[in-house]
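Dear colleague,

I am passing the structure below on to you, and my notes on it follow underneath. Please read them with the coordinates open.

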Amino acid sequence: MKRWYRSLVGQLIVSLILTVFVSQVLAFGLIWHDRIKSYKENAESDFFNRTKILSKLLVTVPPELRDGVAAAGAGERTRFWISEHSPIEDTQWSSKLVKAASQTLSNSGPMHDTAYQMVAKANLDWHSRNGDLPLSAAVVMRTDFPQDSGVGVSVRISNAAWLNAVYFSPLGNPVFSLQLPVTIGIASALVVVMGIVIALRIARPLRHLASAADAIGRGDFSTDLPRSRSDEIQRLTSAFDNMRTRLQRFIDDRTLLVAAVGHDLRTPLTALKLRAEQIEDEALQQKMIYTIDEMRDITDAVLTLSREGADGEPTRAVDLASLIASLCDDLSDIGLSVNFEDAPRIDYSCRPAALRRAIRNLIENAVRYAGHAEVSLACGGGEILIMVRDEGPGIDPSKLSDVFIPFFRIEASRSRQTGGAGLGLSIARMIIRQHGGDIKLTNTASGLEAAVHLPGDIRDCDVHAGNTALAKPV
């Protein structure tokens with residue numbers, strides 16, 4: 001599974017979400033504090049104004065009607081009642097609070113008991129607050145309920161009568177009943193969505209650039225980068241195109257130089273051979289002709305190597321299993337002992353003729369030294385694996401890396417009848433590396449194993465019904 005959080009898009013999206021979340025939390029906290037403070041001040045101001053008006057009204061009301069008038073002034077979070085003593089002197093004040101708060105009003109149900117039951121069990125601290133409250137009575141006493149749950153006020157309306165008023169803060173947070181959370185949520189979602197769109201637009205050219213660079217690493221210089229309206233992306237695309245052009249020119253110039261040297265050597269070699277044929281000493285003549293022919297073979301190999309480097313074969317998608325199977329069939333038809341194991345369909349983008357030649361070189365090398373070759377193909381673990389196994393003598397471990405050096409031969413006699421010029425494995429590895437892969441040689445208990453590793457993905461493999469080749473460990 002791809003680790004999305006390691007991609008540029010994933011990191012941009014996560015950073016944006018965290019930034020929006022932190023900023024919105026801070027903004028919400030500031031707004032919350034301001035709204036709570038404003039809500040509390042407005043609610044208490046309204047409570048004090050109602051208490052002030054009710055206290056003035058009760059002064060003019062006959063004593064026998066005061067209890068009814070006080071009870072009628074109750075609201076959703078406020079209660080009023082009359083007592084004969086101040087709250088300090090009235091030992092039953094908390095019980096009367098519970099009784100008053102438990103009353104059901106005509107426009108609402110009974111007040112929730114959590115707040116006032118808590119207040120009834122607390123030791124209230126009453127203070128005379130005549131100058132601080134917006135009330136004109138001679139004596140006003142106030143207490144703040146624990147945990148900022150409300151406020152209590154007691155106002156003397158006569159020598160033997162006190163108006164007791166309580167206000168309870170709402171149990172829920174009033175901010176959450178507003179549209180503010182919804183508004184902030186919608187704004188955050190819009191910012192995140194736009195950030196995702198922008199992140200994808202930034203990452204898309206980078207993915208195209210990575211694909212083009214990977215194609216160049218496989219020898220494909222034909223991939224064109226899409227143009228962008230962004231100045232920065234245009235400069236990046238232009239710089240990449242210039243680099244690709246310079247790299248292609250450098251490769252072409254180097255290949256042309258090698259080809260020119262190899263071609264120019266053929267003329268003096270031909271002249272030397274003609275002169276050697278005029279030597280009367282037959283033994284000396286044969287030795288010189290043999291040496292000249294060997295030099296000609298090396299020159300032809302150099303030309304072959306340069307042509308491989310300059311091969312302009314286009315890259316296209318092929319069924320790799322079918323390509324290897326047809327190669328093995330062709331080699332079997334000319335008398336080589338080759339066996340190819342059944343393999344799943346693998347759609348792979350490559351230069352088919354070049355890749356076919358690289359695998360053919362490995363198979364022919366195995367048959368030359370062991371008489372038989374076993375070929376297999378598997379896909380998984382992020383790569384495509386082509387195995388060529390034989391039961392030959394293997395290779396000295398100290399020379400496993402040397403066999404890829406051009407013109408290196410294990411057979412010391414350098415006889416033209418026992419092998420080529422020593423370029424088969426060199427050409428094979430060059431082709432495989434042009435496809436972004438590599439070749440590894442390993443001695444086994446039964447012979448030599450040549451493993452061709454090509455970059456691939458499990459998605460390149462077509463799993464047919466009943467085919468379990470992909471489960472093969474690679």
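**Aromatic pairs, salt bridges and a charged patch**

Y167 counts as buried, because its relative accessibility is 6%, and please keep in mind that the model is a predicted one. Its partner in an aromatic pair is F47, the geometry being tilted, with 5.8 Å from centre to centre and 35° between the planes. Since F47 belongs to helix α1 (residues 8–60) and Y167 to strand β5 (residues 161–168), the pair ties together parts that are 120 residues apart in sequence. F47 is buried as well, at a relative accessible area of 1%, and ring pairs link both residues with F48 and F80 into a cluster. The count of aromatic pairs comes to 6.

The structure also holds 11 salt bridges. One of them joins D293 to K273, with the closest N and O atoms 3.3 Å apart; this pair links helix α7 (residues 282–309) with helix α6 across 20 residues. Here D293 is buried at 15%, whereas K273 is partly exposed at 25%.

In another, R356 and D330 meet at 2.4 Å, N to O, and because R356 lies in helix α9 (residues 352–370) and D330 in helix α8 (residues 320–333), parts that are 26 residues apart in sequence are tied together. Salt bridges that share partners join E44, R142 and D144 into one network.

Finally, R201, R204, R207 and R229 gather in a patch of positive charge on the surface. Of these, R229 lies in the loop between α5 (180–217) and α6 (231–276), and R229 counts as exposed because its relative accessibility is 82%.

Best regards

Terms used
Residues numbered from 1 in each chain as written. Predicted model: local features only at pLDDT ≥ 70, side-chain atom pairs only at ≥ 80, totals over all residues. Heavy atoms only, no water. Patch = residues over 30% accessible without salt bridge, like charges linked within 9 Å, V, L, I, M, F, W, Y side chains within 5 Å. Areas by Shrake-Rupley, 256 points an atom, 1.4 Å probe, with all protein chains shown as cover. Salt bridge = Lys/Arg side-chain N within 4 Å of Asp/Glu carboxyl O. Lys, Arg positive; Asp, Glu negative; His and termini not counted. Charge placed at Lys NZ, Arg CZ, Asp CG, Glu CD. Helix = DSSP H or I, 4+ residues; strand = E, 2+ residues; numbered from the N terminus. Buried < 20%, exposed > 50% of the residue type's maximum accessible area, 1.4 Å probe, protein only. Phe/Tyr/Trp six-rings, centres within 6.5 Å; stacked < 30°, edge-to-face > 60°.
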